[in-house]
Each structure stands twice: as C-alpha cells, then as structure tokens.
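Welcome, and please bring the model up in your viewer with the backbone drawn as a cartoon. We will move from one selection to the next, and at each stop I will say what is there.

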Amino acid sequence: MRYLFFFFAVCLFFSSGCSSQSVKTSEKGLFHIKLSSEGKLLKFGRNEIFLHITDAKGKSVEGATVGITPWMPEHGHGSLWPPTITEKGNGIYRAVIALTMAGHWQLRITIQKGDVEDSAVFDFPNITK
Ligand SMILES: [Cu+2]
C-alpha cells in the first residue's frame with residue numbers, strides 16, 4: 001500500500017503520461033468515490049473524469065443519480081459549461097467538465113440511490129493553465 005501511494009505521488013509530480021486518482025468517502029459514509037482521469041486530475045479547460053462509486057460494503061453502485069458541480073469557493077461561481085455525466089455500468093460514471101478559470105476549484109458531488117442521498121466535496125486548491 002505504501003508503494004502504491006508512492007507510485008501515485010511520483011505520477012502526480014511528473015503528471016504527464018500517468019493516470020491519477022483521488023478517493024473520498026461521502027459525508028454520511030454511505031458511498032466511496034474514486035475519481036480518476038488519464039492525465040492530471042484536474043486541469044484548466046476540458047476534463048474527462050471517471051467516478052467509481054461503491055457502497056460501504058465495497059459493492060459497485062449502479063443506477064444512481066449522480067450530480068457533479070464544479071465550484072470556485074472564493075469566487076462563488078461555477079463553470080460556464082454545464083457538466084455532462086453518463087453511467088457506464090459496474091459503478092462507473094463518466095463526467096466531462098470544463099474549468100473556465102485557473103485557481104481554487106471544488107467538485108461537489110451528490111449521489112442519490114433509492115431513498116438515500118449523500119454528497120462529497122473534492123478539493124483542488126491550485127488549478128493552473
Ligand atoms: Cu473564478
């Protein structure tokens with residue numbers, strides 16, 4: 001596990017040609033979300049990212065309603081381009097988002113499945129052009 005972490009740290013450091021990912025548990029602990037992209041996560045401009053959503057038991061969550069909102073907390077605005085999100089199966093959801101400024105961005109994610117709902121915020125303090 002330590003080696004895996006080291007690998008990703010090196011990946012992020014050199015950024016090009018490596019995939020990168022970030023993992024988080026939702027606020028109420030109902031879901032685990034793994035964000036990944038083929039390049040740097042995230043960058044200025046268009047980003048294609050994948051969310052792998054699992055429940056507290058590690059089972060892939062299918063058929064959820066997933067919302068994703070890019071947000072700049074210091075500026076109080078989102079992105080000019082509405083994100084698109086499509087379910088790919090096996091708990092994988094593909095999202096295309098555009099970050100229209102350099103700076104501090106958050107990805108605010110909501111997941112609704114049946115009668116439960118939970119949310120998570122991924123923080124990206126320094127998006128550069
Ligand atoms: Cu802004």
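**Stop 1: the four-stranded sheet**

Start with the open sheet of four strands, whose order is β5-β4-β8-β9 with antiparallel pairing. Two strands pair here if DSSP finds at least two bridges between them. Strands are DSSP runs of E with at least two residues, helices are runs of H or I with at least four residues, and both are numbered from the N terminus. Colour β5 (77-78) and β9 (116-127) to see the edge strands, each of which pairs on one side only.

Before going further, a note on what you are looking at: this is a predicted model, in which local features need pLDDT of at least 70 and side-chain atom pairs count only at pLDDT 80 or more, while totals for chains, interfaces and linings use all residues. Residues are numbered from 1 along each chain as its sequence is written.

Now select β4 (residues 65-72) together with β8; seven bridges join these antiparallel strands. Put labels on P70 and L107, since L107 in β8 is the bridge partner of P70.

Stay in strand β8 and pick R108. Is R108 buried or exposed, or in between? With 15 C-beta neighbours inside 10 Å, R108 counts as partly exposed. The scale behind that word is as follows: a residue is buried if 20 or more other C-beta atoms lie within 10 Å of its own, exposed if 12 or fewer, and partly exposed in between, with C-beta atoms placed from the backbone. Leaving aside neighbours within four places in sequence, R108 is in contact with T69, W71, S119 and V121; contact means that the C-beta atoms, placed from the backbone, lie within 7 Å. Draw a C-alpha to C-alpha distance from R108 to S119 and you should read 7.4 Å, for two residues 11 apart in sequence.

**Stop 2: the five-stranded sheet**

Next, show the open sheet of five strands, ordered β1-β2-β3-β7-β6 with antiparallel pairing. β1 (20-25) and β6 (84-89) each have a single partner strand, so one side of each is left without a neighbour in the sheet. Neighbouring strands in this sheet are turned by 25° against each other on average, direction ignored; the angle is taken between axes, which are lines fitted to C-alpha atoms, on a scale from 0 to 180 degrees between N-to-C directions.

Select β7 with its two partners in turn. Eight bridges join β3 to β7, and R46 stands opposite A98 in β7. Five bridges join β6 to β7. Among the β7 partners of β6 residues, look for A95 opposite I85 and R94 opposite T86.

Then turn on the side chains of β7. In a regular strand the side chains alternate between the two faces of the sheet. In β7, Y93, A95, I97 and L99 point to one face and are buried, while I92, R94, V96 and A98 point to the other and are not.

**Stop 3: the nonpolar core**

Which residues of the largest nonpolar core touch the most other members? Select I33, I49, L51, I53, A95 and I109, from a core of 20 residues. Such a core is a set of buried Ala, Val, Leu, Ile, Met, Phe, Trp, Tyr and Cys residues joined through C-beta atoms within 7 Å. The elements that give two or more residues to this core are β2 (31-37), β3 (45-55), β7 (92-99) and β8 (103-113). Centre the view on L51: beyond four places in sequence, L51 is in contact with I33, L35, V66, Y93 and A95.

**Stop 4: the loops**

Most residues other than glycine have a negative phi, and most peptide bonds are trans. Keep that in mind for the next two selections. N90, in the loop between β6 and β7, has a positive phi of about 55° although it is not a glycine. N90 is exposed, with 9 other C-beta atoms within 10 Å. L42 lies in the loop between β2 and β3, and a cis peptide bond joins L41 and L42, with omega about -10°.

Finish at S19, in the loop between α1 (2-14) and β1. S19 and E38 are 19 residues apart in sequence but 4.2 Å apart from C-alpha to C-alpha. Leaving aside neighbours within four places in sequence, S19 is in contact with S36, S37 and E38.

Definitions and conventions:
Contact = placed C-beta atoms within 7 Å.
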